[in-house]
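Let's take a relaxed walk through a protein and the molecule it holds. Keep the 3D view open and follow along.

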Amino acid sequence: MDTEADLFYRQLPKVELHAHLNGSVSFETMETLIKRKPHLNIEHSMTAIRRGQRRSLDECFQVFKVIHQLVDSEEDILMVAKAVIQEFAADGVKYLELRTHFCFLLTFIFCKQEEVDIDVRFLVAVDRRHGPVVAMETVKLAEDFLLSSDGVVVGLDLSGDPTVGHGKDLLSALEKSKNCGLKLALHLSEVPSRRDESELLLNLPPDRIGHGTFLHPEVGGSDSLVDKVCKQNIPIGKSFPLYFQNYIL
Ligand SMILES: CNc1ncnc2c1ncn2[C@@H]1O[C@H](COP(=O)(O)O)[C@@H](O)[C@H]1O
């Protein structure tokens, strides 16, 4: 049963600035998806990380692969997007930035969120594993949406398995994106030994950082990386509060 504190926190108006669409699917929606596709033999334990449960980054990306099998039609995408937006609204979120590679489909549909008291904006996701050509194509699409979506598409998100590829190959796509006015939310330093890449990406600079777990010298990053984040006042989403207390969203 909800405590008084639960109710208070639910009603408190909030902003959510680091939500991946397929990373925000609730248990109930997942159940509907699983029932729709019994032939896939997918169980709940394959699609979620329970509170307190520890998983490696690699295992997290395995979970996304399973979710992508479940969400593979226009009908699924729309159902998931509607449910996610309604659930964030029911949780008291008033401003939501949703990142997804399905942006192209969703943008026009959610230009008018009339029945729900929530302002939803989209970030078009570039998945690192698809490489520079797809990244550039995605940026062009995102630019079109930026111009035609009446402010619904606001930026570009660089995400995906951080051990795959190198940011230097995506730099021209990211620069183009920035030059055309898209805000940049970049996942960086999510794994150790990515100092060079983080240096490059921080020079852009991004408007937001995803995770940035290994930026600090104590965990294999460097003073120069920390300096760049602090001097440029770049907010970090979903990281550890220890090192960047003033920057965590
Ligand atoms: C754990 N930290 C993370 N680091 C990097 N990328 C992540 C992520 N969590 C999620 N994603 C990215 O978001 C996609 C799912 O949403 P969409 O299918 O696009 O809606 C994942 O496939 C991955 O590319």
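## Around the ligand

A polar side-chain atom of H211 sits 3.3 Å from a nitrogen atom of the ligand. Keep in mind that you're looking at a predicted model. H211 isn't alone here: there's also G160, where a polar backbone atom is 2.9 Å from a nitrogen atom of the ligand. H68 reaches out with its side chain, putting a polar atom 2.7 Å from an oxygen atom of the ligand. Here are those three contacts side by side:

| Residue | Atom in the residue | Atom in the ligand | Distance |
|---|---|---|---|
| H68 | polar side-chain atom | oxygen | 2.7 Å |
| G160 | polar backbone atom | nitrogen | 2.9 Å |
| H211 | polar side-chain atom | nitrogen | 3.3 Å |

How many residues surround the ligand altogether? The count is 16, and the closest are N22, H68, T100, H101 and E190.

## Helices side by side

Now zoom out to the helices. Start with α2, residues 27-36, and α4, residues 74-90: their axes come within 10 Å and cross at roughly 165°. Are α2 and α4 roughly parallel or antiparallel to each other? An angle over 145 degrees counts as roughly antiparallel, so α2 and α4 are roughly antiparallel. Their crossing is right-handed. On the α2 side, the residues in contact are T29, T32, L33 and R36, and they meet E75, D76, M79, V80, A83 and E87 in α4. Sorted by class, that contact has four nonpolar, two polar and four charged residues.

Next, find α8 (residues 195-202) and α9 (residues 223-231). The axes of α8 and α9 also come within 10 Å, but the crossing angle is roughly 25°. Angles under 35 degrees count as roughly parallel, so α8 and α9 are roughly parallel to each other. The crossing of α8 and α9 is left-handed. From α8, you'll see R195, S198, E199 and L202 meeting S224, L225, K228 and V229 of α9. The mix in this contact is three nonpolar, two polar and three charged residues.

One more pair to go: α6 and α7 (residues 171-179) pack at an angle of about 10°, with axes 9 Å apart. That makes α6 roughly parallel to α7. α6 brings A135, M136, V139, K140 and E143 to the contact, while α7 brings S172, A173, K176 and S177. Split by class, the contact of α6 with α7 has four nonpolar, two polar and three charged residues.

## Two oddities in the backbone

Most residues other than glycine have a negative phi, and most peptide bonds are trans. With that in mind, where does D150 sit? Look in the loop between α6 (131-148) and β4 (153-159). D150 has a positive phi of about 60°, even though it is not a glycine.

The other oddity is the peptide bond joining L204 and P205, which is cis, with omega about -15°. You'll find P205 in the loop that links α8 and β6 (208-211).

Methods. Residues are numbered from 1 along each chain as its sequence is written. This is a predicted model: local features need pLDDT of at least 70, side-chain atom pairs count only at pLDDT 80 or more; totals for chains, interfaces and linings use all residues. Side-chain values use heavy atoms; hydrogens and water are left out. Axes are lines fitted to C-alpha atoms, for helices over the stretch in contact, and angles run from 0 to 180 degrees between N-to-C directions. Helices (H or I, at least four residues) and strands (E, at least two) are DSSP runs, numbered from the N terminus. Angles under 35 degrees count as roughly parallel, over 145 as roughly antiparallel, 65 to 115 as roughly perpendicular and the rest as oblique. A crossing is left-handed if the near helix is turned anticlockwise from the far one by less than a right angle, and right-handed if clockwise. Contact means heavy atoms within 4.5 Å. Ala, Val, Leu, Ile, Met, Phe, Trp, Tyr, Cys and Pro count as nonpolar, Asp, Glu, Lys and Arg as charged, and the others, Gly among them, as polar. A residue is near a molecule or strand if one of its heavy atoms lies within 4 Å of it. A polar contact is a pair of N or O atoms within 3.5 Å; within protein, one must be able to donate a hydrogen and the other to accept it, and residues adjacent in sequence count only if both atoms are side-chain atoms.
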